[in-house]
Amino acid sequence: MNDRAARKQVLRRHFRQLRNAVEPAARRAMGQALRRSLGEAPALREARRLGAYWAFDGEPDLQPLLATRAAAGVGIALPVLDDDGDGRGPCLRWRQWRPEQPMQPNRHGIPEPVAAPE
C-alpha cells in the first residue's frame, strides 16, 4: 500500500469512528435535517441529474430524498466499483439508479445498482 492509500485508510477509519460514536437517534435527526436542507436547495431542486451515494456504515441516509427526486424525473446516478481489467485495480463508474432497481453489495458491502446503464 502506498503512502497516499494508507493516509486515506486512516482518515476513513477516523471518520467512521466519529460517525458511529453519534447516538442512533441523533444520527437519524441529523440525516433528516440534511435531507430537508438539501431538498430545499435551489440547485438540487432544479437539477436534472444528480450523483449521490448509498448510505453505509453510519453515513447520512439520502435514500428518501433520492426517491423523491427520482419520482420527479431527476436522473440519479450512484457510484459502482468496477475492475477495468488493466491490472490497476477497481475504478469508479456511475450507474443509473431508480427506487425499484435491484441492488447488490460490492466488495466492501456497499449496495450498488445492478445491470443499470452507465
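**Briefing: core, aromatic pair and charged contacts in a predicted model**

R98 has a relative accessibility of 37% and therefore counts as partly exposed, since this value falls between the 20% limit for buried and the 50% limit for exposed residues. The side chain of R98 meets that of E100 in a salt bridge, at 4.0 Å from N to O, and E100 is itself exposed, with a relative accessible area of 62%. Salt bridges with shared partners also join D82, R93, R95 and E118 into one network. The structure discussed here is a predicted model, and the points below take its charged contacts, nonpolar core, aromatic pair, first helix and some individual loop residues in turn.

**Salt bridges**

- A search of the whole structure finds six salt bridges, including the one that R93 forms with D82, in which the closest N and O atoms are 2.9 Å apart.
- This pair links distant parts of the chain, with R93 in strand β3 and D82 in strand β2, eleven residues apart.
- Both partners are partly exposed, because R93 has a relative accessible area of 25% and D82 has one of 24%.
- Another of these bridges is formed by the side chains of R95 and E118, at 3.7 Å from N to O; R95 lies in strand β3 and E118 in the segment after β5 (111-113), so this pair ties together parts that are 23 residues apart in sequence.
- The two partners of this bridge are not alike in their accessibility: R95 counts as buried at 18%, whereas E118 is exposed, with a relative accessible area of 57%.

**Nonpolar core**

- The largest nonpolar core has 13 residues, and the members that touch the most others are L50, L66, I76, L78 and W97.
- Two elements, α4 (63-71) and β2 (75-83), give two or more residues each to this core, and α4 gives the most, with three residues.
- I76 touches L50, L66, R69, A70, R95, Q96 and W97, when residues up to four places away in sequence are not counted, and among these contacts L50, L66 and W97 are also named with I76 as core members that touch the most others.
- As background, nonpolar side chains tend to be buried together in soluble globular proteins.

**Aromatic pair**

- The count of aromatic pairs comes to one, and this pair is formed by W54 and W97, which are arranged edge-to-face, with 5.7 Å from centre to centre and 65° between the planes.
- W54 lies in the loop between β1 (49-51) and α4, while W97 lies in strand β3 (residues 90-97), so that the pair ties together parts of the chain that are 43 residues apart in sequence.
- Both tryptophans count as buried, because the relative accessibility of W54 is 17% and that of W97 is 2%, with the limit for buried set at under 20%.

**Helix α1**

- Helix α1 (residues 3-21) has 19 residues and should span 27 Å at 1.5 Å a residue, a value with which the 27 Å between its end C-alpha atoms agrees.
- At the start of α1, a side-chain oxygen of N2 reaches to within 3.1 Å of the backbone nitrogen of R4.

**Individual residues in loops and the segment after β5**

- N106 is found in the loop between β4 (103-105) and β5, where its relative accessible area of 14% means that N106 is buried.
- The side chain of N106 makes a polar contact with the side chain of E112, at 2.9 Å, and, leaving aside residues up to four places away in sequence, N106 touches L81 and E112.
- D57, in the loop between β1 and α4, has a positive phi of about 55° although it is not a glycine, and D57 counts as partly exposed at 30% relative accessibility.
- A115, which lies in the segment after β5, likewise has a positive phi, near 50°, in a residue other than glycine, and A115 is exposed, with a relative accessible area of 79%.

How values were computed: Residues numbered from 1 in each chain as written. Predicted model: local features only at pLDDT ≥ 70, side-chain atom pairs only at ≥ 80, totals over all residues. Heavy atoms only, no water. Core = buried A, V, L, I, M, F, W, Y, C linked by side-chain atoms within 4.5 Å. Buried < 20%, exposed > 50% of the residue type's maximum accessible area, 1.4 Å probe, protein only. Helix = DSSP H or I, 4+ residues; strand = E, 2+ residues; numbered from the N terminus. Contact = heavy atoms within 4.5 Å. Expected span 1.5 Å × (residues − 1). Polar contact = N/O pair within 3.5 Å; in protein donor to acceptor, adjacent residues only side chain to side chain. Phe/Tyr/Trp six-rings, centres within 6.5 Å; stacked < 30°, edge-to-face > 60°.
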